[in-house]
Amino acid sequence: MTFRSPVYSVIAVPIDKVKPNTYNPNSVAPPELELLYDSIKEDGYTMPIVCYHDEESDEYIIVDGFHRYRVMLEHSDIREREGGMLPVSVIDKPIDCRMASTIRHNRARGSHSVDLMSNIVADLHELGRSDAWISKHLGMERDEILRLKQITGIAALFREVDFGEAWEPQTERMDETDALISTSTRRS
């Protein structure tokens with residue numbers, strides 16, 4: 001029998017039949033969860049929830065995709081738009097292999113390169129996107145955008161930043177009396 005990846009057999013499953021597993025150590029901070037909601041709202045579900053089908057209970061236990069499931073569970077606009085159905089790809093593995101699969105999925109996501117993110121911010125800026133647009137669509141705080149801009153060192157990226165007034169060095173020369181007072185004060 002030839003191996004066929006589960007993603008080629010995505011099915012629509014009612015959200016009420018999908019259940020979280022009891023062992024997932026992954027958590028998502030509120031800003032990232034809000035970004036996931038925005039992503040699903042704008043782009044739809046682009047990746048299925050990976051589940052194991054428990055035939056006895058006729059439930060689909062999540063292996064990967066808990067937060068995508070949670071978005072539908074917590075946002076009625078998404079649930080209504082999708083008709084209460086989640087895209088699911090099913091894997092048939094014992095619990096230990098499902099646990100390992102959950103960890104592999106979580107760890108395989110990796111992290112973003114700071115340099116590449118800086119370049120993306122610079123490119124978006126050059127395309128005319130404001131800091132507000134970047135903040136909204138990339139889920140970044142304004143100070144994060146500022147730090148990424150600082151990495152690139154391109155002055156044009158800072159045209160939206162309001163800087164406070166800096167001190168200016170005095171160029172006046174002290175007269176002889178001030179110099180003598182200053183010198184005598186240091187000696188005493």
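Let me start with one pair of residues: V13 stands opposite L86 in β5. Before going further, note that this is a predicted model.

V13 belongs to β1, residues 11-14. Strand β1 and strand β5, residues 85-90, are joined by 4 bridges and run antiparallel. As background, strands of a sheet pair through backbone hydrogen bonds, either parallel or antiparallel.

Now the whole sheet. In what order do the 5 strands lie? The order is β1-β5-β3-β4-β2, in an open sheet with mixed pairing. The edges are β1 and β2, the latter being residues 18-19; each has a single partner strand, so one side of each has no neighbour in the sheet.

Two helices to mention here. Helix α2, residues 66-74, packs on the sheet and touches β2, β3, β4 and β5. The direction of α2 makes about 125° with that of β4. Helix α4, residues 95-108, also packs on the sheet, with β3 and β4 as the strands it touches. For α4, the angle to the direction of β4 is about 45°.

Stepping back, the secondary structure amounts to 8 helices and 5 strands. In sequence order the pattern reads β-β-α-β-β-α-α-β-α-α-α-α-α. Among contacts with a separation of 6 or more, 71% are between residues 24 or more positions apart.

Next, the interior. The protein has 188 residues, and 27% of them count as buried. In general, nonpolar side chains in soluble globular proteins tend to be buried together. Here the largest nonpolar core has 17 residues. Which of them touch the most other members? They are V18, Y45, C51, V71, I78, L86 and V88. At least two residues of this core come from each of α1 (30-43), β3, β4, α2 and β5.

L86 is the residue we started from, opposite V13. Leaving out residues up to four places away in sequence, L86 touches I11, A12, V13, I15, V18, Y45, I49, Y69 and M72. Apart from the largest core lies another, of 7 residues, including M117, V121, I134 and I145.

Last item, a pocket. The second largest pocket holds about 230 Å³ of space. Its lining consists of 13 residues, and P6, V50, S89, I91 and H105 are the ones nearest its centre. Which element gives the most to that lining? It is α4, with 3 residues. That is the helix that packs on the sheet against β3 and β4.

That is all I have for today.

Terms used:
Residues are numbered from 1 along each chain as its sequence is written. This is a predicted model: local features need pLDDT of at least 70, side-chain atom pairs count only at pLDDT 80 or more; totals for chains, interfaces and linings use all residues. Side-chain values use heavy atoms; hydrogens and water are left out. Two strands pair if DSSP finds at least two bridges between them. Contact means heavy atoms within 4.5 Å. Axes are lines fitted to C-alpha atoms, for helices over the stretch in contact, and angles run from 0 to 180 degrees between N-to-C directions. A nonpolar core is a set of buried Ala, Val, Leu, Ile, Met, Phe, Trp, Tyr and Cys residues joined through side-chain atoms within 4.5 Å. Buried means under 20% relative accessible area, exposed over 50%, partly exposed in between (1.4 Å probe, protein chains only). On a 1 Å grid over the protein atoms alone, a cavity is a set of points where a 1.4 Å probe fits but cannot get out, and a pocket is an open set with protein on both sides within 12 Å along at least five of seven lines; lining residues have an atom within 4 Å of a point. Grid points are joined across faces, edges and corners, and a volume is the space filled by probe spheres set on the points.
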